[in-house]
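Student: I have a protein model open and would like to learn how to read its features one by one. Could you guide me through it?

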Amino acid sequence: MSNRDLHATALHSAYPERALPRIGWLDRLAARAVGPAARRLKMWQCAPASLLPLITEQGQRIYPLTGEAFNEAARDLRMRLRREGLQEELVAEAFAMVREAAGRTIGQRHYDVQMIGGWILLNGLVAEMETGEGKTLTATLPACAAAMAGIPVHIITVNDYLTARDAAWMGPVYRALGLSVGVITHDQDPQARRAAYACDVTYCTNKELAFDYLRDRMHVGRNPHRIQLQLERLYGGEARANKLVLRGLHFGIVDEADSVLVDEARTPLIIAGSGGQPPEQKVYDTALRFARDLAVGSDFELDLKDRAIRLTPLGRAKLEERAGALGGIWSGRRRREELVKQALTALHLFFRDTHYLVRNQKVSIVDEFTGRIMGDRSWEQGLHQMIELKEGVPLTPVQTTLARMTYQRFFRRYIRLAGMTGTAKEIAGELWTVYRLAVVRVPTNRPVQRRNVGLHVYSTARVKWEAVVA
């Protein structure tokens, strides 16, 4: 989608998002075939040669402006961007104004390579920038340019600390240009979230953002119609649009794109509700008893990397022999194997004080990526109840899945998606195949002084760390 189309979509859609394309095996094969040529681009292929001279020229014009004159120039630029869209000349002027605002408010001026990085992000690509090259400051360039054009921007980080820190750190830059900044954190209520997403630029985590989207989807259904949502506002407080917290998925800038878009890509995001019925404790007890009688290696295989359990033919035969005689739910091969695999998962793949905590006779999930205790969440399909039985705590009601999605499917719904990372070389193929995101390497501001001294192997961890300190 072009910058002009992105601008038009932002101004005229009630809840914009990209229709999720179906990617079949033929599409993946074709992407791999053309991938080496298309997934990694050179900097000169993305940034026009005239960009930096234009920014410099505009910067010299803006530099003398102070006080109300600077504010008036920012207002005038916002009007032109909203009217004409993200044209190269206007983007260059916006970048120059952002650099001047950053220098005046937080004492940091963007380097030329950061200007190139900002252009790459604004055009929906992944900027590969070395650690320490200022990705947080770089993100203000496309965020301000898009926000001044009336396009809501989400800057997506991996945890609440970075979200709050970056928003507070870069907030003066946005406010100097007349833009509002919102922050989404874990403990906010829907009203606070709605206000934060209503800002021009919103800092949020991938987890909070995706769950807010799922909750919105539960209110409006799969295909919200703009006119219908607007007409419903006439009904008063019960209109579906009044329950939404997001304004759609316009422009997302993902920090640590390797972690969010690849490492966590297939992590299931699930919203569940209590079925209101007590769990079948006897069934789970039986499944755990059968699971404890099975031996790893001969009866089942452990895949620690994918956290999966696979029953061997011997294990299936043993389970059929012992469980088939019970009748009922145990008479069906598929049902009994799924139950026992869940029990094996609870016994061998989820560990106390690592994946969950037991406090006050309750099992609480620990988020593996943030370390936060997710007290209001539970595993599905009986896994949570089997872990409770394993730990000897009272069972909670079985949760029914109300909505689910993976990060991979969620981020592909953005009208425009961009990313920043220091390590994109290894994942460039997957970024292109899954998201159609090409990677562009941004050079460092100064020549790299780091030297590769080769691989060193030490006999113990203590000796290794002593060598690191030395």
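Tutor: Gladly! Keep in mind that this is a predicted model. Let's start inside: α8 (135–138) and β3 (153–157) each supply at least two residues of the lining of the largest cavity.

Student: How does one look for a cavity, and which residues line the largest cavity here?

Tutor: The general idea is that rolling a probe the size of a water molecule over the atoms shows where empty space is left. In this structure, the lining of the largest cavity consists of Lys135, Thr136, Ala139, Ile155, Thr157, Asp166, Tyr203, Asp255 and Met420. By type, that lining divides into four nonpolar, two polar and three charged residues.

Student: What is the volume of the largest cavity, and how many cavities of 30 Å³ or more does the structure hold?

Tutor: The volume is about 50 Å³. The structure holds one cavity of 30 Å³ or more.

Student: Now the whole chain, please. How many helices and strands are there, and what share of the residues is buried?

Tutor: There are 21 helices and 15 strands in the protein chain. Of its 470 residues, 48% are buried. On the outside, the chain exposes about 23800 Å², with carbon and sulfur atoms supplying 51% of that area. Contacts tell you about the fold too: among those between residues at least 6 apart in sequence, 74% join residues at least 24 apart.

Student: Next, aromatic rings. How is a pair described, and how many aromatic pairs are counted here?

Tutor: A pair of aromatic rings is described by the distance of the centres and the angle of the planes. The count in this model comes to seven aromatic pairs. One of them joins Phe411 and Tyr414, which are stacked, with 6.2 Å from centre to centre and 15 degrees between the planes. Both Phe411 and Tyr414 are buried. They also belong to a cluster linked by ring pairs, together with Tyr213, Tyr407 and Phe410.

Student: How should I read a helix, and is α18 mostly covered or mostly uncovered?

Tutor: An α-helix has 3.6 residues a turn, so residues three or four places apart point the same way. Helix α18 (residues 383–391) is mostly covered, with seven of its nine residues buried. The buried ones are Leu383, His384, Gln385, Met386, Ile387, Glu388 and Leu389.

Student: What do the buried residues of α18 pack against?

Tutor: Their partners are two helices, α15 (281–292) and α17 (333–348), and two strands, β10 (356–359) and β11 (362–366). Just after α18 comes Gly392, with a positive phi of about 70 degrees.

Student: Which residues other than glycine have a positive phi?

Tutor: Among them is Asp353, with a phi of about 70 degrees. Asp353 lies in the loop between α17 and β10. Arg436 is another case, its phi being near 55 degrees. Look for Arg436 in the loop between α20 (428–435) and β15 (439–441).

Student: Why does Asp353 count as exposed, and why does Arg436 count as partly exposed?

Tutor: Exposed means over 50% relative accessible area, and partly exposed covers the range from there down to 20%. Asp353 has 57% relative accessibility, so it counts as exposed. Arg436 counts as partly exposed because its relative accessibility is 38%.

Student: One last residue: is Glu337 in helix α17 buried or exposed, and what does Glu337 touch?

Tutor: Glu337, found in helix α17, is buried, with a relative accessible area of 8%. Leaving aside residues up to four places away in sequence, Glu337 touches Leu311, Arg316 and Leu319.

Notes:
Residues are numbered from 1 along each chain as its sequence is written. This is a predicted model: local features need pLDDT of at least 70, side-chain atom pairs count only at pLDDT 80 or more; totals for chains, interfaces and linings use all residues. Side-chain values use heavy atoms; hydrogens and water are left out. Helices (H or I, at least four residues) and strands (E, at least two) are DSSP runs, numbered from the N terminus. Buried means under 20% relative accessible area, exposed over 50%, partly exposed in between (1.4 Å probe, protein chains only). Contact means heavy atoms within 4.5 Å. Accessible areas come from the Shrake-Rupley method with a 1.4 Å probe; for residues, only the protein chains shown count as cover. On a 1 Å grid over the protein atoms alone, a cavity is a set of points where a 1.4 Å probe fits but cannot get out, and a pocket is an open set with protein on both sides within 12 Å along at least five of seven lines; lining residues have an atom within 4 Å of a point. Grid points are joined across faces, edges and corners, and a volume is the space filled by probe spheres set on the points. Ala, Val, Leu, Ile, Met, Phe, Trp, Tyr, Cys and Pro count as nonpolar, Asp, Glu, Lys and Arg as charged, and the others, Gly among them, as polar. Rings of Phe, Tyr and Trp (its six-membered ring) pair if their centres lie within 6.5 Å; planes under 30 degrees apart count as stacked, over 60 as edge-to-face and the rest as tilted.
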